[in-house]
Amino acid sequence: THCPVACAMGEWGAWGECSVLCDGGTQTRNRAVAVPPVNGGTCTEPLQQSQPCNTDACPGVSCVVGPWSEWSACVAGSTAQTRSRAVVVEPEPTGIQCPDLQETRDSECAVDCAVGEWGA
């Protein structure tokens, strides 16, 4: 009588893409039977493996801000101008938080000189 011979497995293929982008998914890889079993042998090795992937939490809703306003009007005696922007979408705690909503710059206002009276 002939002894049973188990199958021989081929090499594992590459891991497939993850099922999700974040919050934990699964990816799989496969292999084939390279040599079938003979004389009543069996094939007990798995044909597929899976593993967890992309286990990082998905970020929450991130802040969205509107466009900058125009620079503030020139004010006599002031050397600064400001501008601001509004929050359009409030962020969730796990989302990207809002950037600065106000900016200040050195004034670029034209300053008229004042001429005094002629001296004697």
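Buried means under 20% relative accessible area and exposed means over 50%, with partly exposed in between; I keep these cut-offs at the head of the page because the entries below lean on them.

**Entry 1. Ala 8**

I began with Ala 8, which has a relative accessible area of 33% and therefore counts as partly exposed, since that value falls between the two cut-offs. The residue belongs to strand S1, which spans residues 8-9. I then looked up its contacts, leaving aside neighbours within four places in sequence, and found Val 33, Ala 34 and Val 35. I also noted the C-alpha separation between Ala 8 and Cys 43, which is 7.9 Å for two residues 35 apart along the chain.

**Entry 2. Confidence**

Before going further I reminded myself that this is a predicted model, and I checked its pLDDT. The chain has a mean pLDDT of 89, and 92% of its residues reach 70 or more. Among the elements of the chain, the lowest mean pLDDT is that of S8, at 92, and the highest is that of S4, at 97. Where pLDDT is low, the predicted coordinates should not be read in detail.

**Entry 3. Salt bridges**

How many salt bridges are there? I recorded a count of two. Side chains of opposite charge can pair when their charged atoms come close.

One of them joins the side chains of Arg 31 and Glu 45, with 3.3 Å from N to O. This pair links distant parts of the chain, for Arg 31 sits in the loop between strand S2 (25-30) and strand S3 (33-35), while Glu 45 sits in the loop between S3 and strand S4 (48-53), 14 residues apart. Arg 31 is buried because its relative accessible area of 15% is under 20%, whereas Glu 45, at 46%, is partly exposed.

The side chains of Glu 103 and Arg 83 also meet in a salt bridge, at 2.7 Å from N to O. This pair, too, links distant parts of the chain, with Glu 103 in strand S8 (residues 102-106) and Arg 83 in strand S6 (residues 80-84), 20 residues apart. I noted Glu 103 as partly exposed, at 30% relative accessibility, and Arg 83 as partly exposed, with a relative accessible area of 21%.

**Entry 4. Arg 31 and Glu 11**

I returned to Arg 31 to see what else its side chain reaches, and found the backbone oxygen of Pro 46 at 2.9 Å. Leaving aside neighbours within four places in sequence, Arg 31 is in contact with Met 9, Gly 10, Glu 11, Trp 12, Glu 45, Pro 46 and Leu 47.

Since Glu 11 is among those contacts, I looked it up in turn. Glu 11 lies in the loop between S1 and S2 and is exposed, because its relative accessible area of 73% is over 50%. Apart from neighbours within four places in sequence, Glu 11 is in contact with Asn 30 and Arg 31. For a longer distance I took Glu 11 and Pro 52, which are 41 residues apart in sequence and 21 Å apart in space, C-alpha to C-alpha.

**Entry 5. Gln 27**

Is Gln 27, in strand S2, buried or exposed? I found it buried, with a relative accessible area of 15%. The side chain of Gln 27 reaches the backbone oxygen of Gly 16 at 2.8 Å, and a polar contact of 2.8 Å joins the side chains of Gln 27 and Gln 51. Not counting residues up to four places away in sequence, Gln 27 touches several residues, among them Trp 15, Cys 18, Gln 49, Pro 52 and Cys 53.

**Entry 6. Positive phi**

I looked next for non-glycine residues with a positive phi. Asp 23 has a positive phi of about 70° although it is not a glycine; Asp 23 lies in the loop between S1 and S2 and is exposed, at 53% relative accessible area. Asn 54 has a positive phi of about 45° and is likewise not a glycine; Asn 54 lies in the loop between S4 and strand S5 (64-65) and is partly exposed, with a relative accessible area of 37%.

**Entry 7. Surface patch**

My last entry concerns a nonpolar patch on the surface, formed by Val 61, Val 64, Val 88 and Val 89, which together have about 290 Å² of accessible area. Of its members I looked up Val 88, which is in strand S7 (residues 87-89) and counts as exposed, at 57% relative accessibility.

Definitions and conventions
Residues are numbered from 1 along each chain as its sequence is written. This is a predicted model: local features need pLDDT of at least 70, side-chain atom pairs count only at pLDDT 80 or more; totals for chains, interfaces and linings use all residues. Side-chain values use heavy atoms; hydrogens and water are left out. Helices (H or I, at least four residues) and strands (E, at least two) are DSSP runs, numbered from the N terminus. Buried means under 20% relative accessible area, exposed over 50%, partly exposed in between (1.4 Å probe, protein chains only). Contact means heavy atoms within 4.5 Å. Patches are made of residues with over 30% relative accessible area and no salt bridge: like charges are joined within 9 Å, nonpolar side chains (Val, Leu, Ile, Met, Phe, Trp, Tyr) within 5 Å. Accessible areas come from the Shrake-Rupley method with a 1.4 Å probe; for residues, only the protein chains shown count as cover. A salt bridge is a side-chain nitrogen of Lys or Arg within 4 Å of a carboxyl oxygen of Asp or Glu. A polar contact is a pair of N or O atoms within 3.5 Å; within protein, one must be able to donate a hydrogen and the other to accept it, and residues adjacent in sequence count only if both atoms are side-chain atoms. pLDDT is the predictor's confidence in each residue, from 0 to 100.
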